[in-house]
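Thanks for asking me to look this over with you. Here are my notes, point by point, so keep the picture open while you read.

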Amino acid sequence: TARCPFTRENGVGDAPDSFAFDGHRVRKWNVSSQPYGKAWVAGDVITCTIDLTPGPGGGTVSYHRNGVPLGVAFDNVRRWRDAGGGDTSAAAALAYFPAVSLSMDERVALNFGDAPARYPVEGYAPLQASPDEKPVLAPVERGLRVFEALAAPPDAAAARVEIRRPLLLRFEEETLMAATALRRAGPLLASPATRRYITRGCLIPAIMRAAANSEALPEEAAAGAAAAGGWARGGT
């Protein structure tokens, strides 16, 4: 923003209303720097929380590393009341935005709420609201429970979800039932607004549980895979 210009020389934390944590140098920045936190490594999840609740003193910015609090980094964060009382123009001028400064060959994955938080912090909400439970998550989870139950041994399936599983159900019929169940999630998986949240929060956990609890593949499945050219293996 105009209050916090970013250039080749100035990044996050180099302006009075900009706040930053650098886990490489283990310091915090707000115009000047001070020691703070713990060193991060590749794969760490860093959570930033900001509290602008009205009250005495300034607002606060804190950080977490893999769910472990690093403590309050800044307690001098200006709120709109600090700048102009009920002046709405001052309120708009003091909006805060997430930002990242990166050096050459550095990269980061950001999550503002379009996927479930790996380490949610009690009392704080993401910038982006999660999908509604009843109209969005409940139908998807119901369909995925049916899919998971079909992939599990009969005794384990009955313990997790109440469905009647025919003892002589053929592999092709199970596949059709699973596809019907997954069709509930189809539109939401295709929607840019919900696909990341549904994939990470519902689909991947269900598939992992199904894979962990499944029996040996039926002979029909193995034969079908062989006819299609064998199993594919990949990595990242």
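1. Why does Tyr36 count as buried? Tyr36 has a relative accessibility of 8%, and buried means under 20%, so this residue falls on the buried side of the cut-off. Please keep in mind as you read that this is a predicted model.

2. Now find Tyr36 in the chain. This residue sits in the loop that runs between strand 3 (32-35) and strand 4 (46-51). If we set aside the neighbours within four places in sequence, the contacts of Tyr36 are Phe21, Val26, Arg27, Lys28, Ser62, Tyr63, Leu70, Gly71, Val72 and Ala73. Try picking them out one by one in the viewer.

3. Two distances help to place Tyr36. Its side chain reaches the backbone oxygen of Gly71 at 2.6 Å. Leu70 is 34 residues away from Tyr36 along the chain, yet the C-alpha atoms of the two are separated by 8.0 Å.

4. Next, have a look at the sheet. Three strands form an open sheet in the order 4-5-6, and their pairing is antiparallel. Strand 4 and strand 6 (68-77) are the edge strands, as each pairs on one side only. On average, neighbouring strands of this sheet are turned by 20° against each other, with direction ignored.

5. One pair in that sheet deserves a second look. Strand 4 pairs with strand 5 (residues 59-65) in the antiparallel sense, over six bridges. To see one of them, start at Ile46: its bridge partner in strand 5 is Arg65.

6. Asp22 makes a good next stop, in strand 1 (residues 20-22). Is Asp22 buried or exposed? Its relative accessibility is 16%, so Asp22 counts as buried. Not counting residues up to four places away in sequence, Asp22 touches Arg27, Trp29 and Trp40.

7. Asp22 also has partners a short way along the chain. A polar atom of its side chain lies 2.8 Å from the backbone nitrogen of His24. Asp22 forms a salt bridge with Arg25 as well, where the closest N and O atoms are 2.9 Å apart. The two ends of this salt bridge have opposite surroundings: Arg25 is exposed, with a relative accessible area of 53%, while Asp22 is buried.

8. How many salt bridges are there? The count comes to four. As background, side chains of opposite charge can pair when their charged atoms come close.

9. Another of these salt bridges joins the side chains of Arg78 and Asp17, at 2.9 Å from N to O. Arg78 lies in the loop between strand 6 and helix 1 (80-84), whereas Asp17 belongs to the segment before strand 1, so the pair ties together parts that are 61 residues apart in sequence. Arg78 is partly exposed, with a relative accessible area of 30%, and Asp17 counts as buried at 14% relative accessibility.

10. Last, follow the chain to Arg196 and Asp114, whose side chains meet in a salt bridge (2.5 Å, N to O). Because Arg196 lies in helix 7 (residues 195-213) and Asp114 in the loop between helix 2 (88-93) and helix 3 (133-151), this pair ties together parts that are 82 residues apart in sequence. Arg196 is partly exposed, with a relative accessible area of 22%, and Asp114 counts as partly exposed at 23% relative accessibility.

Methods. Residues numbered from 1 in each chain as written. Predicted model: local features only at pLDDT ≥ 70, side-chain atom pairs only at ≥ 80, totals over all residues. Heavy atoms only, no water. Helix = DSSP H or I, 4+ residues; strand = E, 2+ residues; numbered from the N terminus. Buried < 20%, exposed > 50% of the residue type's maximum accessible area, 1.4 Å probe, protein only. Contact = heavy atoms within 4.5 Å. Polar contact = N/O pair within 3.5 Å; in protein donor to acceptor, adjacent residues only side chain to side chain. Pairing = 2+ DSSP bridges. Axes fitted to C-alpha atoms, helices over the stretch in contact; angles between N-to-C directions.
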